[in-house]
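Grab a viewer and work through a few short exercises on helix packing. Try each task yourself before reading its solution.

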Amino acid sequence: MHSVKRERATAKVREERRRREGGKIVEYKALVDKVLSSRNNHDYTPDALSLTTTLLKQNPEYYTVWNYRREILSSIFQTQTADTIQSQIDSELQFLFARLIEFPKCYWIWNHRKWCLQSSPSPSWKFELGLVTKMLDRDARNFHGWHYRRYVVQCTEKATGKSMVRPEFDYTTTKINANFSNFSAWHNRTKLIPRLLKEEPEIDARKLLENEIYLITQAIYTDPDDQSVWLYHRWLVTSDDIVKLSSDERKDLLEKEIKSIQELLEVEPDSKWCLQSLAFYKGLLATLTGERVESSVHGYLDKLQEIDPMRKNRYQDWKKQL
């Protein structure tokens, strides 16, 4: 009897929940209709802005409503002074901050924040850098946050006339040391290093390349299944962005890295990224030396077909090109 009562109570609770959810759906659809109707009627009043606020709190992915919100604000700005516009934008930025805390990976919120700053008579780039730093402290791998950070840094450099390459390079180092698995931080590094070498010519480029390979090797051994570290490794080994290597220097580098990856493969025999990298680097080495590709490459590609069947056709095509 006790279990029966519990089932009846659960059924009643479920029915009540369905009823409430149904009511919320009806209210949401009515709100959407009202907002879209206001846009169709070219309503650019503060009341219309308030409607978009209510809707975007519920659904920040509704990009049409963000577009409408910008239309409203642009219309309002036309009759305001610079100080009043700035006050309106400050309120908008506060609204967006609350949304970002709740939805940190919503592109449309970040996008609207950029528009606000572009419309601002006196944007505070220092504040924005602090904000995005805190957001990346919350989630260091949020690529929306990294994209926004690059935008803020670019605008800061333009506004101040001062380079931020060194502090941003150091920032990526901090983030990478905290967690090697950070695609955006590694990617940022590929953009910063060429500028760093240009702005600080006293840097020994070959020593920098050596240090970066040491760092990425640590990352690879820590998490050999992380794609981001292998992509950065490939950039280091094949790119001339850090230093233009001679054919002999490139050959020596390839042989050294191949040996290192082979040692890792002994520990991680089913590592897709180890196998792919060995096949790629040995093929590159053969092209560089004019020799035939080692037979072991065929074995790597056969193994890849077993452990990565979704890309079987790719590996078969790769073998045909050897």
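Three exercises follow, each with a worked solution.

**Exercise 1.** Find out which residues of this predicted model have pLDDT under 50.

*Solution.* Start with the overall picture: the protein averages a pLDDT of 94, and 94% of the residues score at least 70. Next, look at residues 1-7, where pLDDT stays under 50. For that stretch the model has 0 contacts beyond four places in sequence. Where pLDDT is low, predicted coordinates shouldn't be read in detail.

**Exercise 2.** Work out how helix 5 and helix 7 are oriented at their crossing, and which residues make the contact.

*Solution.* First, take the axes of helix 5 (residues 107-119) and helix 7 (residues 143-160): they come within 10 Å and cross at roughly 15°. Angles under 35 degrees count as roughly parallel, so helix 5 is roughly parallel to helix 7. Then check the handedness: the crossing is right-handed. Helix 5 brings Tyr107, Trp110, Arg113, Lys114, Leu117 and Gln118 to the contact, while helix 7 supplies His144, Gly145, His147, Tyr148 and Tyr151. Sort these residues and you get 5 nonpolar, 4 polar and 2 charged.

**Exercise 3.** Do the same for helix 7 and helix 9: get the crossing angle, then the contact residues.

*Solution.* The axes of helix 7 and helix 9 (residues 183-199) come within 10 Å, crossing at roughly 25°. That makes helix 7 roughly parallel to helix 9. On the helix 7 side you'll find Phe143, Trp146, Arg150 and Glu157, which meet Ser184, Ala185, His187, Asn188 and Arg195 in helix 9. By class, the residues of this contact split into 3 nonpolar, 3 polar and 3 charged.

Note on methods:
Residues are numbered from 1 along each chain as its sequence is written. This is a predicted model: local features need pLDDT of at least 70, side-chain atom pairs count only at pLDDT 80 or more; totals for chains, interfaces and linings use all residues. Side-chain values use heavy atoms; hydrogens and water are left out. Axes are lines fitted to C-alpha atoms, for helices over the stretch in contact, and angles run from 0 to 180 degrees between N-to-C directions. Helices (H or I, at least four residues) and strands (E, at least two) are DSSP runs, numbered from the N terminus. Angles under 35 degrees count as roughly parallel, over 145 as roughly antiparallel, 65 to 115 as roughly perpendicular and the rest as oblique. A crossing is left-handed if the near helix is turned anticlockwise from the far one by less than a right angle, and right-handed if clockwise. Contact means heavy atoms within 4.5 Å. Ala, Val, Leu, Ile, Met, Phe, Trp, Tyr, Cys and Pro count as nonpolar, Asp, Glu, Lys and Arg as charged, and the others, Gly among them, as polar. pLDDT is the predictor's confidence in each residue, from 0 to 100.
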